Amino acid sequence: MAAPMIAIDGLRVRFGAREVVHGVSFSVARGASFGMVGESGSGKSTILRAFAGLAPDWSGAMALDGQALGRRRARDFFRRCQMVFQDPYGSLHPRQTIDRQLAEPLQIQAMDGIDARIRRALEEVGLPASARFRYPHQLSGGQRQRVAIARALITGPEVLLLDEPTSALDVSVQAEVLNLLADLQAARGLTYLMVTHNLAVVAHLCPWIGVMQGGEMVEQLSAADLRAGRVAHPHTAELRALSTELEEAG
Amino acid sequence: MSDLSTPLSGNAAGLRAWLLSETPDSRRQAAWGRSYRGWLNFRRNPLGMAGLIIVLALLVLSLAAPLLTWQSPDVQHLAQRLAPPSAAHWLGTDELGRDLYTRLLFGGRITLGMVVAVVVLVAPLGLVVGAVSGYLGGMTDRIMMRVTDIFLSIPQLILALAFVAALKPGISSAVIAIALTSWPPIARLARADALTVRANDYIAAVKLAGASPARIIFRHILPLCLPSVIVRITLDMSGIILTAAGLGFLGMGAQPPMPEWGTMIASTRGYILEQWWVPTIPGLAILIASLAFNLLGDGLRDVLDPKQS
């Protein structure tokens, strides 16, 4: 059997004196989607940031496609693994045109055909060509998140880290972005590692789910089991009850 | 839309539409459009516009001084010393019979030239020190900020005086002395901006693109520190004018017979009661110049304030 695309073993992450992730282990096969759910502050986003190299104080083992990750990420890592952030209002540079922000990763990775790649990337995420030379403040929230997805995909990565990619968007736009992510995964064979606090969202996109509580992964289960209510840990049951209640109330 | 795709395609209305297009066709058009919107914003501020017009007028008058005057600023007519304004001498003459109008325009070259020299030295230094310090943090930040604190803790005029006294009095020592004491506030300002900017996800996204720290600082952080630094420097320019004139007045800046505004006041201050216009005219020039830079700075702050967009 081939090495899993993402392998995390006994990961601990510290911010200063405080440890926020206490030994989390899981793996994601190539082309699969793994979702992490949990309350705010349960350490799920921190795991993503640590894997991406944005949280330097960690211990344990992390590997991308069988290659162990060290303290510093090589440039090649960023070509294979990219991230989409939660807030599309904060993840795009306010003073740069969309064109320049999409060109930046291509220039850093010294890739050719920049113009054609940008046009293709915009088309792929369903943005009009007229959006190319606009500034972020001239776009809607949903359009901005599409730009963020285009930027993440423009160097052709195999792994996408999704940090609550829909939670800052309107409900109708949420569905659009989720469908876009599902289509892109089918077309490109991407591996997703997604974080959300919304059980409906994670069950929509990820067949396998990890439940986080207080910096630990208390349970891993399939989306089918979650839907059917076959849960082992009380916190999973709690989250599930809460989400069902909300859905009924809404 | 194709007829609007180039700014050269016709009249002013075409140019305006090209600039204000919601769907620009190139980075250049987007950048020009952005600047044009900023200009439209600035134009609505009458005080800021007044400041800009006065500053531009002072610059043009100083640069064109040889064309606008008909004698040397140093030629003396001792028979006509301390003459009141007249057709021959528009602003009168000083204690050696030199034409004040001529000396005022040539003096603008020296005073404004010193301001420009200080800004050229100070702005890049403060900006880079602040942005590097704010972005890198840790030990680099601590060392750079303590050095900045040392310069901040010394009163500007005292350090300038000590420095000029240690070297030889003159324009270039005055410029270096003023520059030495003017960069720390700019560095602190840029650092504060860099600290807020670096926590943003768009900087994390550039890191994830594999960008080096130098690339992040110079291409992504610095442009966001620039607006507040520009505003601050413009407001500081009036202070620089006053310090430059002050050093000239104390005999530590420009040396006589150079027609520097502060030196002009110093050499004629004894006549303030009888021939009041002689020291008053360069004084008014200093007042108008620093007021204009202040008005311009306030106007720029309204347009460039990053919290607005």
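User: In what order do the elements of chain B run from the N terminus on?
Analyst: In this predicted model, the elements of chain B read α-α-α-α-α-α-α-α-α-α-α-α from the N terminus on.

User: How many helices and how many strands is that?
Analyst: Chain B has 12 helices and zero strands.

User: What box do the C-alpha atoms of chain B fill?
Analyst: Along the principal axes, the C-alpha atoms of chain B occupy a box of roughly 75 × 55 × 25 Å.

User: And what share of chain B is buried?
Analyst: Of the 309 residues in chain B, 48% are buried.

User: What about contacts between residues far apart in sequence?
Analyst: Among the contacts in chain B with a separation of 6 or more, 66% join residues 24 or more positions apart.

User: Turning to the surface, how much area does chain B expose, and what supplies it?
Analyst: The exposed area of chain B is about 14700 Å², and carbon and sulfur atoms supply 69% of it.

User: How many positive and negative side chains are there in chain B?
Analyst: Chain B carries 24 positive and 17 negative side chains. The centres of these two sets are 7 Å apart.

User: Now chain A. Is helix α1 mostly covered or uncovered?
Analyst: Helix α1 of chain A, which spans residues 44-52, is mostly covered, with seven of its nine residues buried.

User: Which residues are buried there?
Analyst: The buried residues in α1(A) are A:Lys44, A:Thr46, A:Ile47, A:Leu48, A:Ala50, A:Phe51 and A:Ala52.

User: What comes just after α1(A)?
Analyst: A:Gly53 follows just after α1(A), and A:Gly53 adopts a positive phi of about 90°.

Definitions and conventions:
Residues are numbered from 1 along each chain as its sequence is written. Chains are lettered from A and ligands numbered from 1 in the order in which they are written. This is a predicted model: local features need pLDDT of at least 70, side-chain atom pairs count only at pLDDT 80 or more; totals for chains, interfaces and linings use all residues. Side-chain values use heavy atoms; hydrogens and water are left out. Buried means under 20% relative accessible area, exposed over 50%, partly exposed in between (1.4 Å probe, protein chains only). Helices (H or I, at least four residues) and strands (E, at least two) are DSSP runs, numbered from the N terminus. Contact means heavy atoms within 4.5 Å. Accessible areas come from the Shrake-Rupley method with a 1.4 Å probe; for residues, only the protein chains shown count as cover. Lys and Arg count as positive and Asp and Glu as negative; His and the chain ends are not counted. The place of a charge is taken as NZ of Lys, CZ of Arg, CG of Asp or CD of Glu.
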